[in-house]
Amino acid sequence: MRMIKESLRAQRIETPSWAYGNSGTRFKVFAQRGVPRDPYEKIADAAQVHAFTGVAPTVALHIPWDKVDDYADLASHAAGLGVGIGAINSNVFQDDDYKLGSVTHPDPKVRAKALAHLLECVDIMDATGSDTLKLWFSDGTNYPGQDDIRARQDRLAEALAAVYQRLGDDQRFLLEYKLFEPAFYMTDLPDWGTAYAHCVKLGPKAQVVVDTGHHAPGTNIEFIVAFLLREGKLGGFDFNSRFYADDDLMVGAADPFQLFRIMYEVIGGGGFTERTAFMLDQCHNIEPKIAGQIRSVMNVQEATAKALLVDREALAAAQRAGDVLGANAVLMDAYNTDVRPLLAELREESGLAPDPMAAYAKSGYFERIAADRVGGAQAGWGA
Ligand code: LRH
Ligand code: MN
């Protein structure tokens, strides 16, 4: 049990700055009281999640949603609150010029504009001390014949090579794939295989990020995780959950068993290290945002604790013996174990309240920001 506790104490989950801002769907973005108006306030909210969970010490930024005049100052603001700047996320999906694509656009001028933004994000990494760039492209087409699939792959490869070239020795980029949306016929980076192939060609500083909401229904995501780990190409996760499409709901909310199976493969594949970026990528469209992040971090902790409890010797023996039911039972025993008392004990041993949700609610932080943050423009996706 001591080993399991040590592993859980060493867990690191990164929260996304945009989860603290307003978000919604094409139908409606419901504003909430107390929402941050700038990246400084977003980071203050993220610091609360770390203060009550102890395992969320970094915040991912999204550019230009988190554009500031002085990124070094933002990083020291974060440090002053006990958190650090994590992955820098590029955004080449909201500018009118990118209607037909960004780095894959038929027009070389538009491609150059998109590349310039990606390189600017590396400059921001230098300024914030971040070592990870996360690249997601909304690029795709809506109708067959709209553009040449192969030519777009050539353009994508060219841009990725230019970004790869610019990376510093201790920097890397994580390439994110997504099956569809906003494109509805063809997405230029639709699946793990396409992302993997581009990353293998580029080299060790290019890895794949698995967003758990970006697959076709029924996809065995833990297989992808096991395969990418075997290849040394799993850079990290964008954790969230979904019932239908890219719903960006709280991780583990829609399918806690899937999250358990994913963490089981991460641990078994040697991926439970600080080199794997465990990031949340969620939108709290209707629920309180800071509490939603705390709940999400706890969901990852619970899935991880259960995965760490798997009796791997017994499992390997049952697998060797071809004992199908026996093997499945070993895994289900761990999954059906209530790990909440273990995590509560671990928090108390770390000087934290056993129940972060209750402690945060009692802290009065939300009431304070709801009262203070009046006026100004609430942060959002700025679309
Ligand atoms: C795209 C995505 C990507 C982010 C955005 C906020 O769906 O998952 O990771 O840039 O959400
Ligand atoms: Mn994502």
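Me: What spacing do the donors of the manganese ion (ligand 2) follow along the chain?

Reply: In this predicted model, where local features need pLDDT of at least 70, side-chain atom pairs count only at pLDDT 80 or more, and totals for chains, interfaces and linings use all residues, the spacing is E-x34-D-x26-D-x42-D. Residues are numbered from 1 along each chain as its sequence is written, chains are lettered from A and ligands numbered from 1 in the order written, and side-chain values use heavy atoms, leaving out hydrogens and water.

Me: What makes E176, D211, D238 and D281 the protein donors of this manganese ion (ligand 2)?

Reply: E176 (OE), D211 (OD), D238 (OD) and D281 (OD) lie 2.1 Å from the ion, and a donor is an N, O or S atom within 2.8 Å of the metal (3.2 Å for Na, K and Ca), so these atoms qualify. Among them, E176 in strand β6 (residues 172-176) and D238 in strand β9 link distant parts of the chain, 62 residues apart, a strand being a DSSP run of E with at least two residues.

Me: Why is the site of the manganese ion (ligand 2) called octahedral?

Reply: The angles among the six donor atoms run from 73 to 169°, and six donors count as octahedral if opposite ones are over 155 degrees apart and all others lie between 65 and 115. The site is therefore classed as octahedral.

Me: How do you know that the pair F237 and F278 is stacked?

Reply: Their ring centres are 5.8 Å apart and their planes stand at 10°, whereas rings of Phe, Tyr and Trp (its six-membered ring) pair within 6.5 Å and count as stacked under 30 degrees, edge-to-face over 60 and tilted otherwise, so this pair is stacked. F237 lies in strand β9 (residues 234-239) and F278 in strand β10 (residues 277-280), so the pair ties together parts 41 residues apart in sequence. Both F237 and F278 are buried, that is, under 20% relative accessible area with a 1.4 Å probe, counting protein chains only.

Me: What makes the charged end of K113 count as sitting over the ring of Y98?

Reply: It is 5.8 Å from the ring centre, and the rule asks for NZ of Lys or CZ of Arg within 6 Å of the centre and within 35 degrees of the ring normal. K205 likewise lies over the face of Y164, at 5.4 Å from the ring centre.

Note on methods. Helix = DSSP H or I, 4+ residues; strand = E, 2+ residues; numbered from the N terminus. Buried < 20%, exposed > 50% of the residue type's maximum accessible area, 1.4 Å probe, protein only. Tetrahedral: all angles 85-135°; square planar, octahedral: opposite > 155°, others 65-115°.
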